[in-house]
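The following is a walk through one protein model, going from a single side chain out to the whole fold. Keep the sequence and the coordinates open while reading.

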Amino acid sequence: MRIPVIAVAGLMAVMSGVGAAAAAPRQSVISDFGAITPVSGAAERPDRSLRYRVLFSVTKAAGTPDKINPSLEKVARFLNLLDADGVKPVPGDVVVIVHGPATPIVIEDAAYAKKTGNVSNPNRPLIAALTRAGVSVRVCSQALVGNKIDPAVVEKGVEVDVSALTTMAALQLRGWALIPD
């Protein structure tokens, strides 16, 4: 009699715990990017009572110019994770500041092709989806100058800030949590 009780207890633990087979990956807010795999039994989950004001610093370029920037995709994953627990950030509470080697990810296709040799900018659909979801996508004007990019070729919907340094300082002082790449 002891063996069946242990077997049932073990089966229940496996089915309800973090070790359980995870559900299929999904994306709820940003449908084509940032896939998540829901897992039951996780100790820390997004808290519906909190206001998620988060600043993502995106500095690293993708491995090759034909790939989506992994730090930018992390923003989509963050939104999808929050949504899986019913947390909906207020538009503008999630901010992305692009600077450093990642700067070209915010430019239009023709300029991207000229700068990288890749036919089109693979990040444009993700930037558009993030913007539609209420994310404020910004680029450092100092990084534009440093990367020899004309502000006129920055993708529509991307704001140009005076600098990533001042944006990061100001938003953190106002209560945004910084997530570096």
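Is H99 buried or exposed? The model is a predicted one, and in it H99 has a relative accessible area of 14%. The cut-off for a buried residue is under 20%, so H99 counts as buried. H99 belongs to the loop between β2 and α3, the latter spanning 109–116. Leaving aside residues up to four places away in sequence, H99 touches S57, V58, T59, C140, A143, A164 and M168. With one of these, S57, the side chain of H99 makes a polar contact of 2.9 Å.

S57 leads into the sheet, where it stands opposite I97 in β2. Strand β1 covers residues 54–58 and strand β2 covers residues 94–98; the two run parallel and are joined by five bridges. They are part of an open sheet of five strands, ordered β4-β3-β2-β1-β5 and paired in parallel. β4 (159–161) and β5 (177–180) each have a single partner strand, so these edge strands have one side without a neighbour in the sheet. On average, neighbouring strands of this sheet are turned by 30 degrees against each other, direction ignored.

Helix α2 lies across β1, β2 and β5. Relative to β1, α2 runs at about 160 degrees. α2, residues 70–84, also helps to cover the buried residues of α4, as does β3 (136–140).

Which residues of α4 are buried? In this helix, residues 124–132, they are L126, I127, A129 and L130. Because these residues cover an arc of only 165 degrees around the axis, they are on the same side of α4. Just after α4 comes G134, with a positive phi of about 95 degrees.

The remaining values concern the protein as a whole. It has six helices and five strands, and from the N terminus on its elements follow the pattern α-β-α-β-α-α-β-α-β-α-β. The chain has 181 residues, of which 39% count as buried. Among contacts with a separation of 6 or more, 67% are between residues 24 or more positions apart. The protein exposes about 9,900 Å², and 62% of this area is supplied by carbon and sulfur atoms.

Conventions. Residues are numbered from 1 along each chain as its sequence is written. This is a predicted model: local features need pLDDT of at least 70, side-chain atom pairs count only at pLDDT 80 or more; totals for chains, interfaces and linings use all residues. Side-chain values use heavy atoms; hydrogens and water are left out. Buried means under 20% relative accessible area, exposed over 50%, partly exposed in between (1.4 Å probe, protein chains only). Helices (H or I, at least four residues) and strands (E, at least two) are DSSP runs, numbered from the N terminus. The arc is that of the directions from the helix axis to the C-beta atoms. Contact means heavy atoms within 4.5 Å. Two strands pair if DSSP finds at least two bridges between them. Axes are lines fitted to C-alpha atoms, for helices over the stretch in contact, and angles run from 0 to 180 degrees between N-to-C directions. Accessible areas come from the Shrake-Rupley method with a 1.4 Å probe; for residues, only the protein chains shown count as cover. A polar contact is a pair of N or O atoms within 3.5 Å; within protein, one must be able to donate a hydrogen and the other to accept it, and residues adjacent in sequence count only if both atoms are side-chain atoms.
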